[in-house]
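This report looks at how the helices of one protein chain pack together, and at a few residues within that packing. The structure is shown first, and the discussion follows.

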Amino acid sequence: MQQKSETPKGRKSPKLKRMGLHERAAARMRTMIIRGELAPGSQTQETRLSKELGVSRTPLREAMKVLAAEGLIELRPNRSPRIADIAVEDIQELFEALAGIERLAAELAAERATERDLARLRTLQTRMEGHHRNGKLDEYFAINGEIHNTIVRMARNTPLREAHETLISRAERARYLALGADKRWSNSVDEHASILAALEARDSEAAGRLLGAHVRQTGTALLETLAPKPKLTAA
């Protein structure tokens with residue numbers, strides 16, 4: 001006996017629930033924080049943000065709770081929330097951890113990636129290089145992050161991917177700031193090309209070593225960017 005479909009004839013299957021208002025507001029605010037549109041240390045202004053994001057104060061406050069859990073916003077009793085500062089003392093440890101995770105991911109990806117995976121990675125690399133040539137930092141940054149996430153997924157290791165997702169959300173703002181330096185931006189493009197070549201060659205040792213060094217160097221570039229500049233003294 002043929003089993004009847006659970007969906008009545010002529011009726012479309014139920015769609016997945018759309019992203020809620022507070023989730024959309026959180027995504028937009030996250031981008032604004034990462035790109036420096038909401039400056040570290042600045043207080044949030046609910047009225048202005050509600051108007052800019054097109055949401056009422058209730059979903060806006062829910063969005064802020066999400067971002068507070070990610071360490072991007074500080075919720076303060078009886079005071080306006082503020083955009084969290086970038087904790088310089090945490091940068092080195094954060095990028096050390098990311099470097100270790102992505103190094104292992106690259107080693108596994110070199111062994112487990114399909115030809116289709118590598119073709120997609122090559123396409124992303126080409127697009128990223130185009131954005132670099134045209135000076136489009138925001139577009140470059142988006143593709144850059146997609147490349148890192150793709151390599152981690154290519155490792156086909158769920159706990160590794162979940163650990164990476166947890167840390168990368170904390171590092172996005174720092175990565176964007178580090179790429180803002182012209183020298184680091186150019187170096188990053190060259191490093192990505194070498195990483196891709198190692199993956200295509202199925203050289204797990206080289207792929208891991210290169211990606212790990214690439215992530216650590218981004219952390220170093222950020223620390224140099226955040227370091228206080230020496231004051232000029234009169235001759």
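Ile147 is found in helix H6, and the model in which it is placed is a predicted one. With a relative accessible area of 2%, Ile147 counts as buried, because buried means a value under 20%. Leaving aside residues up to four places away in sequence, Ile147 touches Leu121, Leu124, Gln125, Met128 and His192. One of these partners, Met128, is 19 residues from Ile147 in sequence, while the two C-alpha atoms are 9.1 Å apart in space.

**The nonpolar cores**

Ile147 is also one of the residues with the most contacts inside the largest nonpolar core, a set of 46 residues in which Phe95, Leu121, Ile151 and Leu199 are likewise named for their contacts. At least two residues of this core are supplied by each of helix H4 (88-112), helix H5 (115-133), helix H6 (137-154), helix H7 (158-179), helix H8 (182-200) and H9. The largest share, 11 residues, comes from H4. Apart from this core lies another, of 16 residues, which includes Ala25, Ala63, Leu67 and Ile83.

Which residues does Phe95 touch, not counting residues up to four places away in sequence? The partners of Phe95 are Ala171, Ala174, Arg175, Val215, Thr218, Gly219 and Leu222.

**Helix H9 and its packing against H7**

Helix H9 (residues 204-226) has 23 residues and spans 33 Å from its first C-alpha to its last, close to the 33 Å expected at 1.5 Å a residue. The buried residues of H9 are Ala206, Ala207, Gly208, Leu211, Gly212, His214, Val215, Thr218, Gly219, Ala221 and Leu222. As background to a list spaced in this way, an α-helix has 3.6 residues a turn, so residues three or four places apart point the same way.

H7 and H9 pack with their axes 8 Å apart and at an angle of about 75°, which means that H7 is roughly perpendicular to H9. On the H7 side the contact involves Ala174, Arg175, Leu177 and Ala178, and these meet Thr218, Ala221, Leu222, Thr225 and Leu226 in H9. By class, the residues of this contact are six nonpolar, two polar and one charged.

**Helices H1 and H2**

A second helix pair is formed by H1 (residues 21-34) and H2 (residues 46-53), which pack at an angle of about 110° with their axes 11 Å apart. H1 is therefore roughly perpendicular to H2. Ala25, Arg28, Met29 and Met32 in H1 meet Leu49, Glu52 and Leu53 in H2, and the residues of this contact divide into five nonpolar, no polar and two charged. Ala25, which takes part in this contact, is also among the residues of the 16-residue core.

**Two arginines in loops**

Two residues have a positive phi although neither is a glycine, and the table sets out their values and places.

| Residue | Phi | Relative accessible area | Place |
|---|---|---|---|
| Arg156 | about 55° | 46% | loop between H6 and H7 |
| Arg202 | about 60° | 33% | loop between H8 and H9 |

Are these residues buried, partly exposed or exposed? Arg156 is partly exposed, with a relative accessible area of 46%, and Arg202, at 33% relative accessibility, counts as partly exposed as well.

Definitions and conventions: Residues are numbered from 1 along each chain as its sequence is written. This is a predicted model: local features need pLDDT of at least 70, side-chain atom pairs count only at pLDDT 80 or more; totals for chains, interfaces and linings use all residues. Side-chain values use heavy atoms; hydrogens and water are left out. Axes are lines fitted to C-alpha atoms, for helices over the stretch in contact, and angles run from 0 to 180 degrees between N-to-C directions. Helices (H or I, at least four residues) and strands (E, at least two) are DSSP runs, numbered from the N terminus. Angles under 35 degrees count as roughly parallel, over 145 as roughly antiparallel, 65 to 115 as roughly perpendicular and the rest as oblique. Contact means heavy atoms within 4.5 Å. Ala, Val, Leu, Ile, Met, Phe, Trp, Tyr, Cys and Pro count as nonpolar, Asp, Glu, Lys and Arg as charged, and the others, Gly among them, as polar. The expected span of a helix is 1.5 Å times one less than its number of residues. Buried means under 20% relative accessible area, exposed over 50%, partly exposed in between (1.4 Å probe, protein chains only). A nonpolar core is a set of buried Ala, Val, Leu, Ile, Met, Phe, Trp, Tyr and Cys residues joined through side-chain atoms within 4.5 Å.
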